[in-house]
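Okay, thanks for making time, everyone. I'll put the structure up now and walk you through the bits I liked.

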Amino acid sequence: MSQFSVIGKNVPKVDAFEKVTGQPIYAADLKMQGMLYGKIVRCMDHAHARVTRLDFSEALKIPGVIKILGPEDVTQTTYNTGACDEMVSDKVGHLLGDLKDQTIFTYHVRHQGDAICGVIATSEEIAERAAAKVIVEYEPLQVFMTPSEAEKTGTHQLHPDKPNNMAFQLPDAMFPGNSYGWGDAEEAMKEADLIVEDNFYVNKQKQCQMEPHAYIAQVDGRGRLHCWSSGQMPKITHQKIARLFDMPMSMVKIHSTTIGGGFGARLGIISEPETCAMALAVPGRPVKVQTLREEDWIISESRHAGDYWMKLGFKKDGTPVACQARFKANTGAYFTHASGVPFTTGAWLSGMYKFGALGYQGESYFSNQAPAGAYRGYGNPQTNFVLEQLIDRALTQLDIDPVQWRLDWHKGVGDDGWCFGVKYPSCQLSECLRQGAEAIEWDKKVAANKQQSGVKRRGVGVSVMNHTSGAMPMLLEHTVTTIMMNEDGSAVVSTACSDLGQGSHTVLHQIAAEALGLEMHEVTLKTGDSDANGFDIGSHASRTTYVGGNSILEASDDVKKQLLDRASRHLDTSVENLEFGGKTIFAKNNPENSITTAEICRLGVYNYMDPETGEPEGAPGQIFGFSSHFAKHNSPPFGACFVEVEIDTETGEIELLELVHTHDIGRTLHPAMAEGQMVGGAQQGIGMALTEEIYYDDQGLALNSSFTDYKMYGSSDMPKMKVILVEDPDPHGPYGAKSVGEAGLTSPVGAIANAVYNALGIQFKEAPITPEKVLKAIKENGLNFA
Amino acid sequence: MKERMIELTVNGINLNISVPVHQTLLDTLREQLGFTDTKYGCGTGECGACTVIIDGEDSLCSCMALASTLNGRSITTAAGLAEQGLNAVQQAFIDQTAVQCGYCTPGMVVKSTSLLRKNPNPTEEEIRKELEGNICRCTGYDSIVKAVQQAAQSFPEENTQWDNAVELKTGAHS
Ligand code: FES
Ligand code: FES
């Protein structure tokens, strides 16, 4: 029998009933009285250009066009659509060189899709027709798309403060020698018996959340600005919009709509500034901006592509003596996450194995690509693709089994985590490796693959990862919760934590219900209202269960303390003599002496005077629990992924036969949702390894901004999959839970690459590994698989 | 703008409406009639978020059909499937935790219902094939396939090719 009533149970997702009938309101579903439609005119034909003429006269003649706003008709305050700038102190932001370099509309087009002006009209169709009539003439500028093009002398400099278009490098003041790590990696490398070294390219992957971005904004009669947005960080959106339009936060309200997937795409803000600027131009009228899919594709941030150099040194017995690496990330046209991702890419690298010494350099370069930003994994999959392949290359030469080596050398409990000084409090990676190897029959398959012949070749691969549960200690980790106890003892939990669909609201319900001794339906979550909810940094860094959950536990403790205090008065005994038994509090020495929590709550609210005694009937006041929780710990999840592939060496086609996902996420709070995160994460990891990349032509225009041209794994492409969760309650997570949101994506990337290596003996240095690349490599290596 | 009068039955309600001749069924449903349970995902027939049932059995991407050509036809959306309480597919989606962000869900539910109406006992392969036009970026499809199998009351199937199950194991301490 489980010690818990709802924790660890597959309770129905709290939003599932509505979602199966299509009832939740996503931003695009909203319609309001007197609503106007906004259409943003974007530069679709150039990746880099200057606007030489902007003429609204023809467009304004169309009946139904209310206003058109150009770059000068809106605030000139600049901003950053990412969120890193809100999560570090000003001092750190300054050291990192963070920029706010975006404007609402621009005369300087830095990437295809940059916004020029905004049309406001009475219908969507009229707005679209008018947008087509806006005359924009451009002077094309030199286009540069990669870090190596960006840093070449003579290349146009995208930002005056950033020479050679280097948007970011690890600052010397925080990371001496602009390098992150420990020991002297260059010296240590000299001790190596075997060195493996190579240059890799990691791809620009798109989140492809199914709901295209949509917004509504309206200024009400009091001059208050309302914005309906599906951002995953409503409080950051609140702060950014208030600052951008120079209004107190009390004059801005963010209404969070149901989020149709995010995966990082909705981290920070996207087109809220344009939409709000249009609403401010037509006070009283709501303005709706619906982004088309193709538009969504080129304006919202993607994963950081980049060039990744790595060098690893080993002793003959496999001892890893040194690791050196340098990642040059492509941040695209704007700063966005230019400092965040190159840092974490190295953090994940340093958090994985016990190298004798490690030195990592992380940089970001501007280019005329659409901006890169947050995408599930945040640098981790990039490192996984490179590190895990290079390790296997070395292990082949050293004749050491990849599973055994990882068992011997992965970091674990007590080791420095991805941020030095923060030690891993729990780790079941070894058990994950053992369980996964057994499930996929590793030894048997490795042996069989050595004997194979024919045109179809099989391979197995393994990769390990860890991630994070929140962003402590690098970034602010803060969630506020209030719990209002209704007069019947049921509870309303108020928090700004958002649910992108992964189920965080269900888990937060479970945590509150368990902590307060209530049933699921006796708890209601109040979210998505910036007037009602206290601060929360937002759903990112796989933090909501871990940090949000602990905040709810803290607020629940506050409620319970108040209940006990009052029970002690009602039952005329000391708090020490009291115990909770579900919804009742009783005296330990006399269980008959008891009171229900509902009764305490009722008496607190309906606090009448007893006419006989002249005393109030119980302790007065409605009970509110409160927590302003700053995470004190970070307990990363660990995982090992095993993959078997079969490659047709005549077509280059890679078929995934099986994927075994083993993870240590602490205690599993909801097994089915955790499995859903793993399987869904794997679908995206598979895409990064094998099929997904945004391609550009030589003028910097995107070639595949549609679901037909951008290849994702579909329902019948997915491999047979098995998820094994190795449970070991973490000492710090709520009920022992660690994070799960991002974990599932990362390890499949390296595991697939390693399975391909096992099958063909070839490593692919550029992701994704497409059939064309496979065929080319087979040819170049002069291999014959007949 | 040219308009045309059509008779359209939506979720059992008979409507006589005038629609612009070039308006997609998706826009008629969402913008004109307020059936926002049918979703816009791409507008180009590539994602399945806008799927509806036409004349009780077949499914259709409503973003690819002009409402003006559907005179006399009957349309069912996800909400329409739940008129007498959730249908078996909808219940199974809840039971199997096959719903994450929910944006693909109405289309998925409609498509799966259409499949089961035509083929009450699909194999796992047939389910996966049928759902190829419906993109879900959240679930990785396994839970959705299981839900359709549950709805077909043939779960688990003999064909165990996709015998996916989450296993909880206890951690080891040395
Ligand atoms: S919206 Fe119709 S298929 Fe995507
Ligand atoms: S549940 Fe989010 S797209 Fe399917």
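Before I get to the contact, one definition: when I say salt bridge, I mean a side-chain nitrogen of Lys or Arg within 4 Å of a carboxyl oxygen of Asp or Glu. And keep in mind throughout that this is a predicted model.

So, with that rule, how many salt bridges turn up across the interface of chain A and chain B? The rule finds five. One pair to look at is A:Asp29 with B:Lys39, which form a salt bridge whose closest N and O atoms sit 2.6 Å apart.

Polar contacts next. Between chain A and chain B, 31 residue pairs are in polar contact, counting pairs where both residues have pLDDT 80 or more. On the chain A side, which elements supply at least two residues each to the surface that touches chain B? Those are α1 (16-20), α13 (429-440), α18 (671-690) and β27 (720-727). The biggest giver is α18(A), with 10 residues on that side. If you sort the side of chain A that touches chain B by class, you get 29 nonpolar, 25 polar and 16 charged residues.

Now the size of this thing. People often quote an interface as the accessible area lost when the parts come together. Here, chain A and chain B bury about 4900 Å² between them, and 54% of that is on carbon and sulfur atoms. In chain A, the residues losing the most area to chain B are A:Val20, A:Met210 and A:Ser715, and together they make up 15% of what that side buries. In residue terms, chain A brings 70 residues to the contact and chain B brings 54.

A quick word on chain B itself. It has five helices and six strands. Reading from the N terminus, the order is β-β-α-β-β-β-α-α-α-α-β. Its C-alpha atoms fill a box of roughly 75 × 30 × 25 Å along the principal axes.

Let's move inside. The structure holds five cavities of 30 Å³ or more, and I picked the second largest, with about 240 Å³ of space in it. What lines that one? There are 20 lining residues, and A:Thr81, A:Gln102, A:Ile270, A:Glu274 and A:Ile299 lie nearest the centre. By class, the lining comes out as eight nonpolar, eight polar and four charged residues.

Last topic: backbone oddities, all in chain A loops. Where are the cis peptide bonds I flagged? One runs from A:Met472 to A:Pro473, with omega near 10°, and A:Pro473 is in the loop between β17 (456-466) and β18 (478-485). Another runs from A:Ala767 to A:Pro768, with omega near 0°. You'll find A:Pro768 in the loop between α19 (743-760) and α20 (771-780).

Then there's A:Asp246, a residue other than glycine that still has a positive phi, near 55°. A:Asp246 sits in the loop between α7 (234-244) and β12 (252-256) of chain A.

That's my tour. Happy to rotate the view if anyone wants another look.

Conventions: Residues numbered from 1 in each chain as written. Chains lettered and ligands numbered in written order. Heavy atoms only, no water. 1 Å grid on protein atoms, 1.4 Å probe; cavity = no way out; pocket = protein on both sides within 12 Å on 5 of 7 lines; lining within 4 Å. Points joined across faces, edges and corners; volume = space filled by probe spheres on them. Nonpolar A, V, L, I, M, F, W, Y, C, P; charged D, E, K, R; others polar. Contact = heavy atoms within 4.5 Å. Buried area = accessible area lost by both parts, 1.4 Å probe. Polar contact = N/O pair within 3.5 Å; in protein donor to acceptor, adjacent residues only side chain to side chain. Helix = DSSP H or I, 4+ residues; strand = E, 2+ residues; numbered from the N terminus.
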